[in-house]
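Colleague: I'm new to reading folds, and I'd love to go through one with you. Could you pull it up so that I can ask things as we go?

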Amino acid sequence: MGEKPVWEQIGSSFIQLYYQLFYNDRTQLGAIYIDASCLMWEGQQFQGKAATGEKLFSFPFQKIQHSITAQDHQATPDSCIISMVAGQLKADEDRIMGFHQMFLLKNINDAWVCTNDMFRLALHNFG
Amino acid sequence: MGDQPIWEQIRSSLIQHYYQLFDNDRPQLDTMSIDASCLTWEGQQFQGKAAIAGKLSSLLFQKIQHSLMAQDHQPTPDSCIISMVVGQLTADEDPIMRFHQMFLLKNINDAWVCTNAVFRLALHDFG
């Protein structure tokens, strides 16, 4: 006993691949989106494979490293997988910042693609 | 200008409704879940209406107030609405804490219900 549910396995493999690509070769990220995909980046919306790929490729930093502190995965009634990630990132020599991101994954023609992606930096101070 | 997309109208009222219930009448949150609903609360999974209601009613505070700092919403290919919320909460006399939460909302028999929800406190500081 102790094997993770399949949606958790798929979700965590996707997360690992996503951030590895983000670090090593952002141009490869386009492959995980489809024309129906929708990305929200800090409140700005990007629709479709081309616009999403362009946004991800347009960042000014050379290198970025993500470190995941928490990830949660669930199966949805429409047989998708929803994943929520919290972590820290460091772009080039900038300071470490917190972020959270959410993905909706769908199986289309035997491949898991990302149909919805939302990213926010944890910029809001409190107290 | 013009009409807001329908799903934007729906989401403003749904998310607002959720937190209003949470802050003012937590047992009523039950109306937003169904037997297929799944809640992950700080990494613990609760499946189905009863388990979710059980978890939400077992939370120890008397009073809680949520304040939303950012919310992102997108339609999904299966005609659901996916939302990511970042905010602060105060429970009783405890210090203000940041949280993030994700919802997947589905229209079933003309009513919007929450099929998936993930909640995490933002306990991990950065910098």
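Modeller: Here we go through this predicted model by question and answer.

Colleague: How sure is the predictor about the complex, in ipTM and pTM?

Modeller: Good place to start, since this is a predicted model. The predictor scores the complex with a pTM of 0.91 and an ipTM of 0.90.

Colleague: And within chain B, which element has the lowest mean pLDDT?

Modeller: Chain B averages a pLDDT of 90, and 92% of the residues score at least 70. Where pLDDT is low, the predicted coordinates should not be read in detail. Among the elements of chain B, strand β1 (residues 38-41) has the highest mean, 97, while the lowest, 86, goes to helix α1 (residues 6-24) of chain B.

Colleague: What pattern does chain B follow along the sequence?

Modeller: Chain B is built from 2 helices and 6 strands. Put them in sequence order and chain B reads α-β-β-α-β-β-β-β.

Colleague: Why does chain B count as being as compact as a globular protein of that length?

Modeller: The C-alpha trace of chain B spans about 40 × 35 × 25 Å along its principal axes. For 127 residues the globule rule gives 14 Å, and chain B is close to that, so it is as compact as a globular protein of that length, with a radius of gyration of 15 Å.

Colleague: What share of the residues of chain B count as buried?

Modeller: First, the outside: the accessible surface of chain B comes to about 6,400 Å², and 50% of it belongs to carbon and sulfur atoms. As for residues, "buried" means under 20% relative accessible area. Of the 127 residues of chain B, the share that count as buried is 48%.

Colleague: Which strands stand at the edges of the sheet in chain B?

Modeller: Follow the order of this open sheet of 6 strands in chain B, which is β2-β1-β6-β5-β4-β3 with mixed pairing. Two strands have a single partner strand each, so one side of each is left without a neighbour in the sheet: β2 (44-47) and β3 (64-75) of chain B.

Colleague: How many bridges join β3(B) to strand β4 of chain B?

Modeller: Strands of a sheet pair through backbone hydrogen bonds, either parallel or antiparallel. In this pair, Q71(B) stands opposite V85(B) in β4(B). The hairpin of β3(B) and β4(B) has 5 residues between the strands, and S79(B) takes a positive phi near 65 degrees there. β3(B) and β4 (residues 81-91) of chain B run antiparallel, and the number of bridges is 11.

Colleague: Do β1(B) and β6 of chain B run parallel or antiparallel?

Modeller: W41(B) stands opposite F119(B) in β6(B). With 4 bridges joining β1(B) to strand β6 (residues 111-121) of chain B, the two run parallel.

Colleague: Where does L39(B) lie, and is L39(B) buried or exposed?

Modeller: L39(B) is part of strand β1 of chain B. Leaving aside neighbours within four places in sequence, the contacts of L39(B) include I52(B), L56(B) and A117(B), as well as Q74(A) from chain A. The cut-off for "buried" is under 20% relative accessible area. L39(B) has 3% relative accessibility, so L39(B) counts as buried.

Colleague: Over in chain A, what is the order of the strands in the open sheet?

Modeller: Chain A has an open sheet of 6 strands with mixed pairing, in the order β2-β1-β6-β5-β4-β3. The edges belong to β2 (44-47) and β3 (64-75) of chain A: each has a single partner strand, so one side of each lacks a neighbour in the sheet. From one strand to the next, the twist averages 20 degrees. Once more, the order is β2-β1-β6-β5-β4-β3 (chain A).

Colleague: Which residue takes a positive phi in the hairpin of β1(A) and β2(A)?

Modeller: β1(A) and β2(A) pair in the antiparallel sense over 4 bridges. One bridge matches W41(A) with Q44(A) in β2(A). The hairpin has 2 residues between the strands, and the residue with a positive phi, near 50 degrees, is E42(A).

Colleague: Last one: which strands of chain A does helix α2 of chain A lie across?

Modeller: Helix α1 (residues 6-24) of chain A lies across β1, β3, β4, β5 and β6 of chain A, at about 160 degrees to β3(A). Helix α2 (residues 48-57) of chain A runs at about 40 degrees to β1(A), and the strands that helix α2 lies across are β1 and β2 of chain A.

Key. Residues numbered from 1 in each chain as written. Chains lettered and ligands numbered in written order. Predicted model: local features only at pLDDT ≥ 70, side-chain atom pairs only at ≥ 80, totals over all residues. Heavy atoms only, no water. Pairing = 2+ DSSP bridges. Axes fitted to C-alpha atoms, helices over the stretch in contact; angles between N-to-C directions. Contact = heavy atoms within 4.5 Å. Rg over C-alpha atoms; globule rule 2.2 N^0.38 Å. Buried < 20%, exposed > 50% of the residue type's maximum accessible area, 1.4 Å probe, protein only. Areas by Shrake-Rupley, 256 points an atom, 1.4 Å probe, with all protein chains shown as cover. pLDDT = per-residue confidence, 0-100.
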